[in-house]
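Visitor: Could you take me on a close look at the nonpolar core of this protein, and then at what surrounds it? I would like to follow along with the model open beside me.

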Amino acid sequence: MGFFDRLKNSWDIFKFSFGLIKKDKSLIAIPVLMFASVIALIIIFILAFFAGGTVSNAGIYFWMILFLFFNYFINTFYASAQSWMVHEVVQGKDTTIASGFKRAFRNFFDILVFVFVSIIIKILASGLKRRGIVGKLSGGFIQTISGIAGKLVIPSMIITERHFGQAIIQLKDSYKAIPEIATFEIGIRPLISLTTIIGLFLDFVMFLSFGIFVGIIFFALWLIVMMLFSVYINTTYYTLVYLTLIEKKKIKGLKLS
């Protein structure tokens with residue numbers, strides 16, 4: 001299979017991911033709920049932090065780790081639910097939020113283990129980043145690789161009912177999808193970021209045309225839309241990569257080289 005065939009695979013998976021919304025609009029509900037849950041979590045922690053009065057350095061670290069845990073858990077749980085919903089849609093079923101939540105709860109303890117491991121890696125990588133240029137590069141590399149691995153572990157746990165350890169072992173098969181993963185991370189994701197930058201230009205036009213208030217509202221809404229789109233595409237793309245290139249499943253409407 002040639003280099004350009006693998007590039008075409010990536011683009012086809014990306015387009016198919018986007019097109020799934022037309023088949024079942026409930027898929028976009030998960031990113032919306034995730035965003036709302038994270039905002040609620042931030043508000044709760046801010047209120048709880050200030051309600052506690054003076055806090056020592058140890059207390060601050062405790063609150064940070066606690067927030068990190070709940071934030072990771074929310075994101076992982078919702079990503080798990082969406083991965084299952086995507087799986088149902090490509091099977092031709094009408095998926096629901098309840099169906100996604102029910103499937104995620106079945107792997108509740110695996111999700112907890114996933115979260116704990118992710119936090120440990122995050123802490124270790126952050127520690128490396130404070131140790132000069134080499135440490136910064138090493139820490140960044142570890143975070144990038146672990147982040148990609150995590151997006152493949154989730155559908156492995158949720159769709160094929162593997163435990164966390166079994167899903168980690170299956171990562172050895174991810175070499176089959178390296179070109180499609182690299183294309184997404186290096187090519188497609190930056191395009192999404194570029195779209196956000198384009199929004200800055202449009203916001204400037206809105207500011208000049210309608211004033212600062214409209215400009216601020218437009219920019220805030222643009223950022224929210226792009227964040228939701230990014231969350232949706234990340235989970236959906238990697239779920240499809242896992243199904244087609246690692247599990248070798250055939251998906252109607254998605255023909256890969």
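Guide: Happy to: we will start inside the core, follow one of its residues outward, and finish with the charged pairs and the surface.

Please keep in mind that this is a predicted model. The largest nonpolar core has 58 residues. Within that core, the residues with the most contacts are L20, V90, I233, Y237 and L240. Two or more core residues come from each of α1 (3-23), α2 (29-51), α3 (57-90), α5 (108-129), α6 (132-159), α7 (164-170), α8 (178-210) and α9 (212-246). Helix α3 supplies the largest share, 13 residues. As general background, nonpolar side chains tend to be buried together in soluble globular proteins.

Let us zoom in on Y237. This residue counts as buried because its relative accessible area is 0%, while the cut-off for buried is under 20%. If you set aside the neighbours within four places in sequence, Y237 is in contact with S10, I13, F14, S17, E180, F184 and I188.

Now for the aromatic rings, of which the structure holds 21 pairs. In one of them, F73 and F77 are stacked, with 6.0 Å from centre to centre and 25 degrees between the planes. These two phenylalanines sit about one helical turn apart, because four residues separate them in helix α3. Both F73 and F77 are buried. Y237 takes part in a pair too: its ring centre is 5.8 Å from that of Y238, and with the planes at 75 degrees the arrangement is edge-to-face. Y238 is also buried, at 0% relative accessible area.

Next come the charged pairs, and the structure holds six salt bridges. In α1, the side chains of D12 and K8 meet at 2.8 Å, N to O. They are about one helical turn apart because they lie four residues apart in that helix. The partners differ in setting: D12 is buried at 13% relative accessibility, whereas K8 is partly exposed at 46%. Look for K15 as well, since K8, D12 and K15 are linked in a network of salt bridges.

Two further bridges reach across the sequence. K151 and E185 meet at 3.1 Å, N to O, and this pair links helix α6 with helix α8 across 34 residues. E185 counts as buried, at 18% relative accessibility. The side chains of E247 and R162 form a salt bridge of 3.3 Å, N to O. Here the segment after α9, which holds E247, is linked with the loop between α6 and α7, which holds R162, and the two residues are 85 apart. R162 is partly exposed, at 24% relative accessibility.

That loop between α6 and α7 also holds E161, which has a positive phi of about 60 degrees although it is not a glycine. The segment after α9 likewise contains K248, another residue other than glycine with a positive phi, near 60 degrees. K248 is exposed, at 53% relative accessibility.

To finish, turn to the surface. A nonpolar patch there is formed by W11, L191, L194, I197, I198, L200, F201, L202 and V205, with about 820 Å² of accessible area together. Helix α8 gives the most to the patch, with eight residues. W11, in contrast, has its place in helix α1, and counts as partly exposed at 41% relative accessibility.

Technical notes. Residues are numbered from 1 along each chain as its sequence is written. This is a predicted model: local features need pLDDT of at least 70, side-chain atom pairs count only at pLDDT 80 or more; totals for chains, interfaces and linings use all residues. Side-chain values use heavy atoms; hydrogens and water are left out. A nonpolar core is a set of buried Ala, Val, Leu, Ile, Met, Phe, Trp, Tyr and Cys residues joined through side-chain atoms within 4.5 Å. Buried means under 20% relative accessible area, exposed over 50%, partly exposed in between (1.4 Å probe, protein chains only). Contact means heavy atoms within 4.5 Å. Patches are made of residues with over 30% relative accessible area and no salt bridge: like charges are joined within 9 Å, nonpolar side chains (Val, Leu, Ile, Met, Phe, Trp, Tyr) within 5 Å. Accessible areas come from the Shrake-Rupley method with a 1.4 Å probe; for residues, only the protein chains shown count as cover. A salt bridge is a side-chain nitrogen of Lys or Arg within 4 Å of a carboxyl oxygen of Asp or Glu. Rings of Phe, Tyr and Trp (its six-membered ring) pair if their centres lie within 6.5 Å; planes under 30 degrees apart count as stacked, over 60 as edge-to-face and the rest as tilted.
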